[in-house]
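Student: I've got a model open and I'd like to argue through the labels people put on it. Can you take me from the values to the words?

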Amino acid sequence: MDKIKVSAIREKFPMYGDLSDDQLLISLRKKYYSDIPAAKFYSNIDYDTERDRLNKELVGSMSTTEKLLAGAGKSFVDLGRSAKRVANMVGIGDYDEAAAKADEALDKPLMDTSAGAWGKGLTDAGLTFVPGLKGAQAITKGVQAGARMLPRAAGVFKGVAPYAGAAGSGAIIGAATTPEDMSGGATTGALAGTAGEVGGRVLSSAYSGGKAALEPLWQSGRERILKRTLDRFATDPAKVRAAAANPVEYVPGVTPTLAEATMDPGIAQLQRGAASGSSDVASALAQSRGQQVAGYRSTLDDLAGNDGKREFYDTMRNKAADDLYDQARAGGLSMTTNLEKQVGELMQRPSIQSAMVNAQRLARERGINLDAPGGSVEGLHYVKKSLDDMISAAKRAGNNNEASALIETQGNLVDFLRQASPKYGEALDTFKSMSRPINQMDVGQTLRDKALPALTDLGDGSLARVNANSYANALRNADATARKATGMTGAKMDSVMDPAQMDQITGIGKDMARYASAQELARVPGSPTAQYLGAQNVVRQFLGPLGIPQSAADSMVGRIASGLMGLPFAMTQSKTEQLLARALTDPKTAAKIMAAKDPKTIAEILRPYAAQTAIQMDTQ
């Protein structure tokens, strides 16, 4: 039989409030239970009021330090009781609920004091903080992992996950620190954890938002804004930083834009969107493109031998060769028996006979009479030139067999002339060697004509446009381009041009292709914008700590907020956009900005602790 508490008796008979406990019990027995022996009656009474009085007197006699220590001791006891109660649920514990309730009643006077409550609360916090924080993080990660299985809800779950983690951790801590009412403690702890998470995030949000509002006023702040912007748009910030730090220059002096250097779709979209939303960015990108095309033009002009370079080489070649030809003509033919036989056989060939007739005609056009073309160096030279024309005509007509036979005959004629007139051979070699730079310039001029619109030469040279496809086709059919440019039937691009020149030619093609690729990447659907960077920075820094996706700043609400906040940042917006323009046109500058440290704010660092502290305080 459960004992009857004195406090319950007094609650039932409030009219006897002026009597002591002993007087009340004696009067009660005489009036209602006189048939029960006194010893038996009093043994069934729980003198809880006396016990409370004694406890209060004991607590009242304790110093503040003793109360704090006693409260701390209760924290250890409660955690032990909670462990036993949980163990009871699986049949291995020895939790005594009645004893626990009795002890709780004994502890009530202590817990009613501020020192006792603080002692328990602070000890609870110390004992459960690390496990609670780790638990919150684990629950948060679990929710986020589950969200990845539901793509459509991933954004919502990502924002909710930290709150779920704080609530779950709070429930566990609340239950662990209140063994006498674990369900109530769990509920209180969950609410406290959520409130703490909200409070911490609001604090962090207010701090970050206020700090962001001041950032555009200083260069370092604008750099931080730009860093966050570049990191947000970059598909892979680490790769973007690495590529921007070491941009490849395919053409000397031609610096690629950030989008071209990184080939990152997000950066390409930012570059395109920034150009459409900012005159500073648009102007910088236009200037950068002008410098790129100017670099192409400078390189191609040099290859083409502009500014009289080709004429100089042509004059020098002709003069050197003509001097040697004159010496060969003056020296005549040095014939031997074998050479006489060789030339005699050549003269019998139909092509030579036709060529001699044409050689006489060509010579007469120049005022020279050749009575016997086959008997002089000059006459045989004109015969060779006639064979040149016959070979070209055969190739144009598609008579490959005839062209092959004519080439063989011409080769035999040249061999004869080299033996019969060494000076003539020297003249041929000199003309050929001095023709190489001229042939290279012919190829350069052809490529220049393919790459640059005709308007480039009619204007002041500032036209920032190229015929990229035309140039690419010329490189695709490089050997055909070389043959057409030089007029040499067997010419090959990589034989005519030096390796360094080939690097310049292909470098221009690669740079053109890179520019076109970046433009294509920028056309991928997206929502890039460079308007109101300062205002957007405040919105994002305010929303971020609250767990709301930063993409909300690009939503209708975010755009409206940015628009309303745009006016206060009008004075600093231009400076921020100018910095963005520099980063987009100078990859190395962008890399330095992206590599800069962006330390967390104090409020952001303390935010998780705020939730845990709230749990401890609200579960007491």
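**From values to labels**

Tutor: Start with the overall picture: of the contacts in the protein with a separation of 6 or more, 73% are between residues 24 or more positions apart. Keep in mind that this is a predicted model.

Student: What does the secondary structure of the protein come to, and how many residues are buried, as a percentage?

Tutor: There are 30 helices and 2 strands. Of the 620 residues, 40% are buried.

Student: On to helix pairs. What makes α16 and α19 roughly antiparallel?

Tutor: Helix α16 spans residues 337–347 and helix α19 spans residues 400–420; their axes cross at roughly 150° and come within 11 Å. Angles over 145 degrees count as roughly antiparallel, and therefore α16 and α19 get that label. The handedness of this crossing is left-handed.

Student: Which residues of α16 and α19 meet?

Tutor: From α16 you have Leu-339, Gln-342, Val-343 and Leu-346, and they meet Thr-409, Asn-412, Leu-413, Phe-416, Gln-419 and Ala-420 of α19. Sorted by class, this contact has 6 nonpolar and 4 polar residues, with no charged ones.

Student: Why is α20 called roughly perpendicular to α23?

Tutor: The axes of α20 and helix α23 (residues 478–486) are 8 Å apart, and the packing angle is about 115°. The roughly perpendicular range is 65 to 115 degrees, so α20 is placed in that class relative to α23. Here the crossing of α20 past α23 is right-handed.

Student: Which residues make the α20 and α23 contact, and how do they divide by class?

Tutor: Asn-439, Asp-442, Val-443, Thr-446 and Leu-447 of α20 meet Thr-481, Ala-482, Ala-485 and Thr-486 of α23. The split is 4 nonpolar, 4 polar and 1 charged. Asp counts as charged, and Asp-442 is among the α20 residues in the contact.

Student: What about α13 and α14: at what angle do their axes cross?

Tutor: At roughly 115°, with the axes of α13 and helix α14 (residues 279–304) coming within 5 Å. The crossing of α13 past α14 is left-handed. On the α13 side the contact uses Gln-271, Ala-274, Ala-275 and Gly-277, and on the α14 side Ser-279, Val-281, Ala-282 and Leu-285. That contact divides into 5 nonpolar and 3 polar residues, with no charged ones. If Gly-277 makes you hesitate, Gly is grouped with the polar residues.

Student: How many residues does the largest nonpolar core have, and which have the most contacts inside it?

Tutor: It has 31, and the residues with the most contacts inside it are Met-347, Ile-352, Val-383, Leu-413, Phe-416 and Tyr-424. At least two core residues come from each of α15 (309–331), α16, α17 (350–365), α18 (377–396), α19 and α20 (422–451). Take Met-347: setting aside residues up to four places away in sequence, it touches Ile-352, Gln-353, Met-356, Gly-374 and Leu-380. Another core of 26 residues lies apart from that one, with Ala-244, Leu-258, Ala-274 and Ala-583 among its members.

Student: Why is Ser-386 called buried?

Tutor: Buried means under 20% relative accessible area, and Ser-386 has 0%, so it is buried. Ser-386 sits in helix α18. Beyond its neighbours within four places in sequence, Ser-386 is in contact with Ala-355, Asn-358, Ala-359 and Leu-362. Ser-386 and Arg-361 are 25 residues apart in sequence, with a C-alpha to C-alpha distance of 9.9 Å.

Student: And what makes Met-335 partly exposed?

Tutor: The cut-offs are 20% and 50%, with partly exposed in between; Met-335 has 32% relative accessibility, so it counts as partly exposed. You'll find Met-335 in the loop between α15 and α16. Leaving out neighbours within four places in sequence, Met-335 is in contact with Glu-340, Val-343, Phe-416 and Ala-420. Met-335 and Phe-416 are 81 residues apart in sequence, yet 9.9 Å apart in space, C-alpha to C-alpha.

Student: Where does Met-263 lie, and is it buried or partly exposed?

Tutor: Met-263 is in the loop between α12 (258–262) and α13 (265–277). Its relative accessible area is 31%, so by the same reasoning Met-263 is partly exposed. Met-263 also has a positive phi of about 55°, although it isn't a glycine.

Note on methods:
Residues numbered from 1 in each chain as written. Predicted model: local features only at pLDDT ≥ 70, side-chain atom pairs only at ≥ 80, totals over all residues. Heavy atoms only, no water. Axes fitted to C-alpha atoms, helices over the stretch in contact; angles between N-to-C directions. Helix = DSSP H or I, 4+ residues; strand = E, 2+ residues; numbered from the N terminus. Parallel < 35°, antiparallel > 145°, perpendicular 65-115°, else oblique. Left-handed = near helix turned anticlockwise from the far one by under 90°. Contact = heavy atoms within 4.5 Å. Core = buried A, V, L, I, M, F, W, Y, C linked by side-chain atoms within 4.5 Å. Buried < 20%, exposed > 50% of the residue type's maximum accessible area, 1.4 Å probe, protein only.
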